[in-house]
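Visitor: Could you take a close look at a single part of this model and explain, step by step, how it is packed against its surroundings?

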Amino acid sequence: MPVLHVLNLGAGVQSTALYLLARDGAAPCDAAVFADTGEEPAAVYRHLAHLLALGGPPVLVRSADRLGDDLLHGRGGTGRRFASIPAFTRGPDGRVGMVRRQCTKEYKVEVVDRTVRRELLGLKPRQRVPADVTVYQYFGISTDEAGRAERGKRRFAGVRHTVPVYPLIDRGWSRADCVDFLRDRLPYPVPKSSCVCCPYRTNPSWRHLRATDPAGWGRAVEIDAALRADGSLVTRGFRQQLFLHRSCVPLAEIDFDALAPHTLDPLAGECDGVCGV
Ligand code: SF4
């Protein structure tokens with residue numbers, strides 16, 4: 001198999017548009033991979049089930065582990081160590097910071113890479129990709145996120161056998177164009193994909209989660225509290241307290257209705273499978 005076309009399916013607006021383009025035959029796709037952190041909102045899993053039922057290119061749903069369980073138990077997706085989410089920190093002097101993000105790499109990027117190597121190329125662990133194989137990895141990144149595409153190109157710059165492809169940018173499609181494309185193809189608006197416990201969420205996104213997904217909201221509150229629990233392995237090595245919300249207030253205590261929406265969110269509250277680039 002010298003050439004493989006693999007779609008990174010995050011199941012958000014852009015990667016859904018790309019998947020349906022592939023289903024229409026407008027983009028090559030041998031398989032789509034959904035790297036499941038186990039922590040998506042219920043609406044994203046419903047949407048994923050709908051996509052699976054459409055009968056398009058095969059969708060491989062693969063997971064390193066359940067991210068929130070690993071946070072609760074202080075272990076990593078690889079089973080070796082704890083991988084951090086970009087939680088907010090508040091030190092004794094009140095200064096706010098952010099923890100280095102490792103979750104994307106372990107729960108998304110490496111899951112896709114492992115699926116490509118082991119399942120689609122049939123390689124053993126650490127076996128080299130044959131010199132004549134080229135893997136085209138397709139990303140649902142639109143023109144309004146061109147900076148992410150550039151970062152993605154840099155990430156693959158030294159990888160001999162993998163070429164990142166951005167068909168939405170090639171078509172000149174913005175996120176709004178994707179929404180237009182999807183309007184007649186799906187019986188509902190595509191939900192935003194990102195972990196329920198993602199600290200990148202905006203205030204409207206937190207509010208929406210609380211109003212529409214009681215289980216997802218409860219899970220986020222549980223994980224937020226666990227970040228500060230006595231003896232938590234997650235906080236080992238930190239002098240600061242960790243929080244999911246940028247105000248550094250426990251999630252359950254925040255009056256979201258009184259908070260203004262903020263615009264500091266680099267992902268607009270969405271991960272869509274490419275929060276690593
Ligand atoms: S959505 Fe947020 S918490 Fe989940 S993998 Fe991406 S950056 Fe990490």
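Guide: A residue is called buried when its relative accessible area is under 20%, and exposed when that value is over 50%. The model is a predicted one, and by this criterion cysteine 103 counts as buried because its relative accessibility is 11%. Cysteine 178, at 0% relative accessibility, is likewise buried, and the structure holds zero disulfides.

The same burial criterion can be carried over to the part I would like to examine, helix α8, which spans residues 203-212. Its buried residues are Asn203, Ser205, Trp206 and Leu209, and, seen down the axis of α8, they fall within an arc of 165°, so they line one face of the helix. The face turned away from that buried side carries the exposed residues His208 and Ala211.

As for what lies over the buried residues of α8, the cover includes helix α9, residues 214-226. Two packed helices are described by the angle between their axes and the distance between those axes. Here the axes of α8 and α9 come within 6 Å and cross at roughly 125°, with α8 contributing Trp206, Leu209, Arg210 and Thr212 to the contact, and α9 contributing Pro214, Gly216, Trp217 and Ala220. An angle that is over 115 but not over 145 degrees counts as oblique, and α8 and α9 are therefore oblique to each other; the crossing in which α8 passes α9 is left-handed. Trp206 and Leu209 thus appear both among the buried residues of α8 and among the residues that α8 brings to its contact with α9.

Key:
Residues are numbered from 1 along each chain as its sequence is written. This is a predicted model: local features need pLDDT of at least 70, side-chain atom pairs count only at pLDDT 80 or more; totals for chains, interfaces and linings use all residues. Side-chain values use heavy atoms; hydrogens and water are left out. A disulfide is a pair of cysteine sulfur atoms within 2.5 Å. Buried means under 20% relative accessible area, exposed over 50%, partly exposed in between (1.4 Å probe, protein chains only). Helices (H or I, at least four residues) and strands (E, at least two) are DSSP runs, numbered from the N terminus. The arc is that of the directions from the helix axis to the C-beta atoms. Contact means heavy atoms within 4.5 Å. Axes are lines fitted to C-alpha atoms, for helices over the stretch in contact, and angles run from 0 to 180 degrees between N-to-C directions. Angles under 35 degrees count as roughly parallel, over 145 as roughly antiparallel, 65 to 115 as roughly perpendicular and the rest as oblique. A crossing is left-handed if the near helix is turned anticlockwise from the far one by less than a right angle, and right-handed if clockwise.
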